[in-house]
Amino acid sequence: MYFNRNHEAISSRRQFIKTATAGAAVAAAALAGLYRPAAAAEKAIPLLFPVLPYPENALEPYLSAKTLHIHHDRHHRKYMEEVIARVKGTDYQNATLEKIIKDTYGGITMIETLHLMAVMAWNHDFYWKSMKPKGGGEMPPRLKKAVTEAFGSVDTFKTKFKEAAMTFGSGWAWLVLDKGKVAATYTSYHESPLMLNQMPLLAIDTWEHSYYLDYQERKADYVDAFINNLANWQFAESNLPAAAAAAKPKK
Ligand SMILES: [Fe+2]
């Protein structure tokens with residue numbers, strides 16, 4: 001059987017990744033071998049576990065301090081620590097989560113694990129920003145206009161967003177900008193609109209860990225509370241101009 005040198009190198013690298021035990025050092029070695037050095041223009045900002053944008057009890061009575069503590073300080077922290085450990089010593093240790101997510105998309109084994117962890121870290125940070133104390137209520141004008149143009153009315157949007165959030169299983173519902181138009185979407189498990197060429201504007205985590213302590217099987221009540229009392233429409237609108245510019249088709 002004939003193998004050229006390149007094929008052999010790839011095969012042995014794949015074998016190395018497949019057979020190695022999970023661990024930060026191995027993942028770092030795999031990354032260093034598979035990817036070119038980061039561009040000099042890459043901003044050297046170390047990856048850090050982000051703090052909540054409000055106190056843990058700030059979203060009560062809709063989400064308890066206990067839920068936020070466990071969700072942020074244990075679940076989200078774990079995802080971020082996994083990313084940091086896996087990129088330590090590589091050109092990616094100062095990269096943004098967005099770059100890591102895009103560069104590791106479609107990878108295998110540990111590269112794939114890094115991708116999944118990076119998506120979960122990014123999604124959670126975005127989810128915290130998608131809520132605020134005394135949220136919900138009237139949308140700011142530009143967001144309201146974009147939503148009304150796409151859905152016909154804010155109420156129709158809320159119905160579609162709730163339908164997306166009620167998709168069975170663990171995942172995320174999103175308000176995104178897709179081809180210049182806002183849309184309500186859903187991604188499963190560790191998926192992200194970033195990989196679908198959509199620009200996220202707002203997100204709700206629908207993994208059971210995000211609501212079970214407060215709502216148990218009443219997921220619909222959690223989604224209603226998010227839409228009516230927690231959603232940070234101002235944050236969604238603040239993402240709109242950048243999203244609109246990025247989504248503009250290139251000539
Ligand atoms: Fe979560």
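In this predicted model, Y189 is partly exposed, with a relative accessible area of 48%. The residue is found in the loop between β2 (181-188) and β3 (199-205), and its phi is near 45°, a positive value in a residue other than glycine. A positive phi, of about 50°, is also adopted by Q216, which is not a glycine either. Q216 belongs to the loop between α8 (212-215) and α9 (219-230), and because its relative accessibility is 30%, it counts as partly exposed. A further backbone feature is the cis peptide bond that joins E60 and P61, for which omega is about 5°; P61 is placed in the loop between α2 (24-34) and α3 (65-87).

With regard to overall architecture, the secondary structure of the protein comes to 10 helices and three strands. Read from the N terminus, these elements follow the order α-α-α-α-α-α-α-β-β-β-α-α-α. Of the 251 residues in the protein, 42% are buried. When contacts between residues at least 6 apart in sequence are considered, 71% of them join residues at least 24 apart.

An iron ion is bound by four donor atoms, which are supplied by H71 (NE2), H124 (NE2), D205 (OD) and H209 (NE2) at distances of 1.9 to 2.1 Å. The angles subtended by these four donor atoms around the iron ion range from 89 to 134°, and the arrangement is therefore tetrahedral. Along the sequence, the spacing of the donor residues can be written as H-x52-H-x80-D-x3-H. Two of the donor residues may be described by their accessibility: D205 is buried, at a relative accessible area of 0%, whereas H209, with 21% relative accessibility, counts as partly exposed.

The residue that follows in the numbering, T206, lies in the loop between β3 and α8 and is buried, with a relative accessible area of 1%. Once residues up to four places away in sequence are set aside, T206 touches A165, G169, S170, G171, W172, A173, Y186, Y211 and K219.

The loop between α2 and α3, which holds P61, also contains L63. L63 counts as buried because its relative accessibility is 0%, and beyond its neighbours within four places in sequence it is in contact with L68, Y127, M131, S210, D214, Y215, Y222 and L230. The C-alpha atoms of L63 and A225 are separated by 8.7 Å, although these two residues stand 162 residues apart along the chain.

A second association between separate parts of the sequence involves G136, which is found in the loop between α5 (109-129) and α6 and, at 11% relative accessibility, counts as buried. G136 and W233 are 97 residues apart in sequence, yet their C-alpha atoms are 6.9 Å apart in space. Leaving out residues up to four places away in sequence, G136 touches I227, N228, N229, L230, A231 and W233. Helix α10 (residues 233-247) contains E237, which counts as buried at 13% relative accessibility. Apart from its neighbours within four places in sequence, E237 is in contact with P140, P141, R142 and L143.

The packing of two helices is considered last. Two packed helices are described by the angle between their axes and the distance between the axes. For helix α6 (residues 141-151) and helix α7 (residues 154-165), the axes come within 8 Å and cross at roughly 75°. Since angles of 65 to 115 degrees count as roughly perpendicular, α6 is therefore roughly perpendicular to α7. In this contact, K144, V147, T148 and F151 of α6 meet V154, T156, F157 and K160 of α7. The residues of the contact of α6 with α7 comprise four nonpolar, two polar and two charged residues.

Terms used. Residues are numbered from 1 along each chain as its sequence is written. This is a predicted model: local features need pLDDT of at least 70, side-chain atom pairs count only at pLDDT 80 or more; totals for chains, interfaces and linings use all residues. Side-chain values use heavy atoms; hydrogens and water are left out. Axes are lines fitted to C-alpha atoms, for helices over the stretch in contact, and angles run from 0 to 180 degrees between N-to-C directions. Helices (H or I, at least four residues) and strands (E, at least two) are DSSP runs, numbered from the N terminus. Angles under 35 degrees count as roughly parallel, over 145 as roughly antiparallel, 65 to 115 as roughly perpendicular and the rest as oblique. Contact means heavy atoms within 4.5 Å. Ala, Val, Leu, Ile, Met, Phe, Trp, Tyr, Cys and Pro count as nonpolar, Asp, Glu, Lys and Arg as charged, and the others, Gly among them, as polar. Buried means under 20% relative accessible area, exposed over 50%, partly exposed in between (1.4 Å probe, protein chains only). Donors are N, O and S atoms within 2.8 Å of the metal (3.2 Å for Na, K and Ca); water is not among the atoms, so sites may look incomplete. Four donors count as tetrahedral if all angles lie between 85 and 135 degrees; four count as square planar and six as octahedral if opposite donors are over 155 degrees apart and all others between 65 and 115; anything else is irregular.
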